[in-house]
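Trainee: Could you take me through the reading of a model such as this one, beginning with its strands and then turning to the helices and the chain contact?

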Amino acid sequence: MELTLFFIVAAVAVAAAALMLISENAVHSALFLIVNFACIAFLFLMLHAPFLALVQITVYTGAIMVLFLFVIMLLGAERVQPEQTPRFSWMTPVAVILALAFLAVASTAIIQGDIELTTPRVADPQVRVANALSGAADGIDVYLNDERIAQDLDYRESTTFDAWDAGQYTIALYAAGADPEADEPLYQQPIELTTDDVLTLAAAGTMQEPLVVVAAEDMGPIDDEDGLRFVAINALPDRAAIDVARLTRGGERRVLIEGLSYGEASEAVDLQTGSHTIAVYPAGDSNTRLAEYEDVELDDQTAALWVFGYERRPDNSWRSEIVTFSAAMYPAFGGPHHVGELLFSRYLLPFEMVALVLLVAMIGAIVLTHEAREKRQRLVRRLANVPSPTVEQQAPGEAGK
Amino acid sequence: MGTPEVAIELYVLLSAILFVLGAMGVLLRRNAILIFMSIELMLNAANLALAAFARQWGNGDGQLVVFFVMTVAAAEVAVGLALIVTIFRTRQSIDIDTLHMFKD
């Protein structure tokens, strides 16, 4: 389907370019070029570049081509006067031969060149720390190997994602302000970071029984505009597997995750935005409700992380808690958001330089056309000042009358 | 974003064809405005290849380059058309075969 569409659009684009080349009238050429540009905008859409497609249409087919048409009409230069003999009569065959030779070489290179189609893109693993560890008064410090990744992280707070090198690490939790050289960690465990991972290291449990759950997040774009994605972590004290369900207003029960065992993170699940009532049950048992959370507010286009944890009361009973962390999704590839983000981060300097070039071009265009007009006015003025010889000859005669 | 259904070679091949058509326009036509439009066609062909490779590598940098090419092309068109207007005013023609200033 996509292939057929591509061939149709490509055929139209090539035909329009060829017609632009051969039409005698410059206005027709400009119109064919507009068709060609529209085709390229369509191909941009197929190449996941919606922003470029729209810029192509507004800037190229809109602004630039209107400028061309305007100049053609202004100058009345639809056709160049047919000259008797072209000055370079040998030019036509040589140009055609050279162009075809270039096309042959380029196509051979493209077809034989074996453009790699399978190389995946490689991204460093992204890691953040979330604190769902209840009972730590001043928060926690988290170390990956010997490097501190979070300092004084309060309950219900998380760090932002940071890129790390892939490899084996040991994650260690300390009470805030502890010295990793001297003090014993509250908890430690080895983790492995591989490329393309987006991981949240969630500290959960209580100070007496801490644990770290590694949750793999999926930050890819969600198709549904009002959608969000969440990952649930089971850190309930029963240490049993749970089912997570959403309760609708009618009291109906929609199971979101089944059989999530203790200390594990679920797969990413897509959900509609809104206020939800979330209930947790023991796995396979829909009658006993372990916990219920009303009105869990969730924003659209975010990746949420739910930690089902608990707080230990002084009398050793416990009260369940849901701790949510959310992060903005990665913008969709090629969308305005993605392009804008790149433009204002890595490409800020080129962007400003291009803006400067545009400004200089604008001034240049004004200066060029303005000077020409001034010169002509000077010429007209000079012609007006030169006394006409006929007038000068007649003047004495008239005076003599 | 899975693997593209249309092979990237096809896009690059189309871009090469359009580029050659544009180059032939520059070499064969005598109308200065048409030569200009052919240059625009060549720029667009290059843009298409850049966007195709950006898609191929899942990398936004190629698209940013396309964006910059577009802005520079807009600047170039503004100056170029101003030049053409100026030349037309002084010589009453934009046939590039007659624009040999040093010969006669």
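Mentor: Let us begin with pairing: two strands count as paired if DSSP finds at least two bridges between them. In this predicted model, strand E2 (residues 140-144) of chain A is joined to E3(A) by four bridges, and the two run antiparallel. Within E3(A), Ala150(A) is the residue that stands opposite Val142(A).

Trainee: In what order do the strands of the open sheet lie, and which of them are the edge strands?

Mentor: The open sheet has four strands in the order E3-E2-E5-E6 (chain A), and their pairing is antiparallel. Its edges are strand E3 (147-153) and strand E6 (187-193) of chain A, each of which pairs on one side only. From one strand to the next, the twist averages 20 degrees.

Trainee: Turning to helices, at what angle do H4 of chain A and H1 of chain B pack, and how should that angle be read?

Mentor: An angle over 145 degrees counts as roughly antiparallel. Helix H4 (residues 91-112) of chain A packs against helix H1 (residues 8-28) of chain B at about 165 degrees, with the two axes 10 Å apart, and H4(A) is therefore roughly antiparallel to H1(B). The crossing in which H4(A) passes H1(B) is right-handed. Among the residues that make this contact are Ala95(A), Ala99(A), Phe102(A) and Ala106(A) of H4(A), together with Ala16(B), Val20(B) and Ala23(B) of H1(B). By class, the residues of the contact of H4(A) with H1(B) comprise 18 nonpolar, two polar and one charged.

Trainee: How many residues does each chain give to the contact as a whole?

Mentor: Chain A contributes 72 residues and chain B contributes 61 residues. On the side of chain A that touches chain B, the elements giving two or more residues are helix H1 (2-22), helix H2 (26-46), helix H3 (50-75), H4, helix H5 (336-343) and helix H6 (348-385) of chain A. That side of chain A has 58 nonpolar, 10 polar and four charged residues.

Trainee: What confidence does the predictor attach to the complex, and which elements of chain B have the lowest and the highest mean pLDDT?

Mentor: For the complex, the predictor gives an ipTM of 0.93 and a pTM of 0.69. Chain B has a mean pLDDT of 86, with 91% of its residues reaching 70 or more. Among the elements of that chain, helix H3 (residues 61-91) of chain B has the lowest mean pLDDT, 90, whereas H1(B), the helix that packs against H4(A), has the highest, 92.

Technical notes: Residues numbered from 1 in each chain as written. Chains lettered and ligands numbered in written order. Predicted model: local features only at pLDDT ≥ 70, side-chain atom pairs only at ≥ 80, totals over all residues. Axes fitted to C-alpha atoms, helices over the stretch in contact; angles between N-to-C directions. Parallel < 35°, antiparallel > 145°, perpendicular 65-115°, else oblique. Left-handed = near helix turned anticlockwise from the far one by under 90°. Contact = placed C-beta atoms within 7 Å. Nonpolar A, V, L, I, M, F, W, Y, C, P; charged D, E, K, R; others polar. pLDDT = per-residue confidence, 0-100.
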